[in-house]
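Hi there,

Here is the structure I promised to pass on. My notes on it follow below.

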Amino acid sequence: MVNLPTTPADIIPFIIAVVTSHTFITLVIFPGLIHLTVVVMFLTWYERKLLARIQLRIGPLYAGGPGGILQPIADGVKLIFKEVMIPYKADKPLFLGIPLSLVFLGALPFAVIPFGQHWVIANLDVGLVFIFAVTSLFPSMILIFAWASNSKYPFLGGLRSLFQQVAYEIPMWISALSVVMLAGSLNLVQIVNAQQKIWFIVPAFISFVVFFIASMAELERLPFDLPEAEPELVAGWFTESSGAIFMVIFLALYMKLYLMSSLITVLFLGGWWGPAFLPQPIWFILKALVVATFIIIPRGVYARLRVDLLIKIGWTRLLILALANVFITVVLLSTGILSAWGL
Amino acid sequence: MDLSVPPDITFVVLTTITLLAAIMALQAKELIYGAISLAISFIGIAGFFVSLDAPYLGMLQIAVYVGAVVVLILFTIMLVRREEPDKDESPETGEGAAGLWLAGLLAVSIAGIAALAGPNLPATPPEANLPISQLGPVLAGTYPVPLIIMALLLSGALLGALVLAKVDK
């Protein structure tokens with residue numbers, strides 16, 4: 001607890017006390033605002049470079065730094081100076097407001113993601129449910145934005161996005177259920193602590209596969225990028241967005257990509273645990289970036305799924321597999337096979 | 001550093017948000033603004049649950065009501081074209097009687113369960129800050145009767161939805 005300053009001489013110590021407090025550092029520097037911005041900007045460059053390499057191109061090169069790593073800054077400046085076009089008869093407050101709330105919703109779940117034993121903003125007891133609740137707001141936001149653009153293709157894309165995300169939420173969170181059963185907690189810090197001896201990818205491998213595929217569908221990544229299928233829908237639900245609005249949506253999407261990779265790291269890949277020669281947050285970020293790489297690569301490799309296949313895979317394969325792994329977890333836990341690893 | 005807010009201020013802010021959003025939901029001219037206000041109102045109620053030491057309930061309130069119910073409402077608003085309602089809305093003969101029968105059956109079974117098992121309920125409510133791991137045992141062990149009644153009501157609602165959505169061939 002820091003006392004509010006009463007005399008002018010107290011102001012400097014007060015500011016120092018605030019800036020060095022745990023709340024401020026975790027909220028603003030790491031794992032909060034600055035870290036998020038830097039990683040998200042890096043991811044936009046990383047995806048372009050990676051896809052270019054897959055397709056035997058060079059990718060961003062001239063923006064400065066090694067391999068054009070300053071490209072995101074150039075992109076940002078360009079997009080900020082572009083004109084924001086608002087479609088005729090679009091719903092202006094919603095059209096401008098929803099992208100901002102998408103960024104807010106994308107950043108909010110990082111409040112409970114633990115990047116290290118003490119590197120967490122809020123050690124919430126219901127952390128996993130919190131993320132579930134916040135991410136379940138995305139589809140409706142997207143549909144409202146698509147509706148607010150008052151245009152045909154965004155609306156079709158918004159409907160597709162809603163169907164897809166609502167359908168794949170179910171197998172995704174059922175597969176997270178077996179992790180919760182293994183760890184015996186919804187607290188993400190405790191879930192990671194339970195993986196000190198064995199990562200949950202081993203006893204819950206099917207869940208890991210289901211969660212990975214479902215999170216790719218949630219992120220609208222290829223082969224699940226039906227909501228923004230370029231040949232059919234121009235650019236899907238954000239077709240009408242331009243300039244700064246597009247940049248904000250872009251940031252929100254990459255924030256969600258980082259969120260899902262972090263979540264997979266927390267749930268299945270042992271979070272911050274790793275050999276001690278690197279600090280815990282570094283291990284976490286490295287693992288999350290590896291997961292992000294595997295989420296990005298299919299974009300350069302696979303073709304887009306058909307709508308009927310998408311629905312069929314979601315409801316008849318992933319859901320069954322997720323439920324099967326819940327059953328397997330019950331058997332594993334009740335027979336005590338996993339007791340050697342303290343589960 | 002302690003950044004927590006006094007409970008009174010939390011209550012006043014939450015109440016203002018919830019009530020204003022609820023009024024907006026009723027008064028909004030554009031239906032979609034009504035749906036959004038409804039979502040904000042639900043989020044305010046979730047805030048109440050969190051401030052009452054029931055964070056799990058608060059999160060589920062957001063996930064279920066904002067994440068699912070409001071999505072359904074949005075769907076309905078956007079997909080259903082505004083048409084003149086049919087004048088002839090009276091149910092076919094037999095349907096009304098069957099509905100009454102079912103409602104009566106449901107009411108009788110709920111009353112029966114409550115009367116049989118009601119006296120066995122513990123007089124004191126469980127402690128306020130119940131850990132989540134205890135939620136299941138308490139719900140299924142101490143309070144099975146409300147759980148069963150909820151299940152009956154939900155299955156009744158589900159049957160009703162099936163009847164309403166059924167397309168006659």
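To start with a puzzle: is A:N150 buried, exposed or partly exposed? A:N150 is partly exposed, having 16 other C-beta atoms within 10 Å (buried means 20 or more other C-beta atoms within 10 Å of the residue's own, exposed means 12 or fewer, partly exposed is in between, and C-beta atoms are placed from the backbone).

Before going on, please note that this is a predicted model, in which local features need pLDDT of at least 70, side-chain atom pairs count only at pLDDT 80 or more, and totals for chains, interfaces and linings use all residues. Residues are numbered from 1 along each chain as its sequence is written, while chains are lettered from A and ligands numbered from 1 in the order in which they are written.

Back to A:N150: this residue sits in the loop between helix 7 and helix 8 of chain A (helices are DSSP runs of H or I with at least four residues, numbered from the N terminus). Its phi is positive, about 55°, although it is not a glycine. Most residues other than glycine have a negative phi. A:E220 also has a positive phi of about 55° without being a glycine, and lies in the loop between helix 10 (205–218) and helix 11 (230–233) of chain A. A:E220 counts as buried, with 22 C-beta neighbours inside 10 Å.

In chain B, have a look at helix 3 (residues 55–79), which has 25 residues. A kink of about 25° is centred on B:V70 (the angle between axes fitted to the seven residues ending there and the seven starting there). B:V70 is one of the buried residues of this helix.

Best wishes

Terms used
Helix = DSSP H or I, 4+ residues; strand = E, 2+ residues; numbered from the N terminus. Expected span 1.5 Å × (residues − 1).
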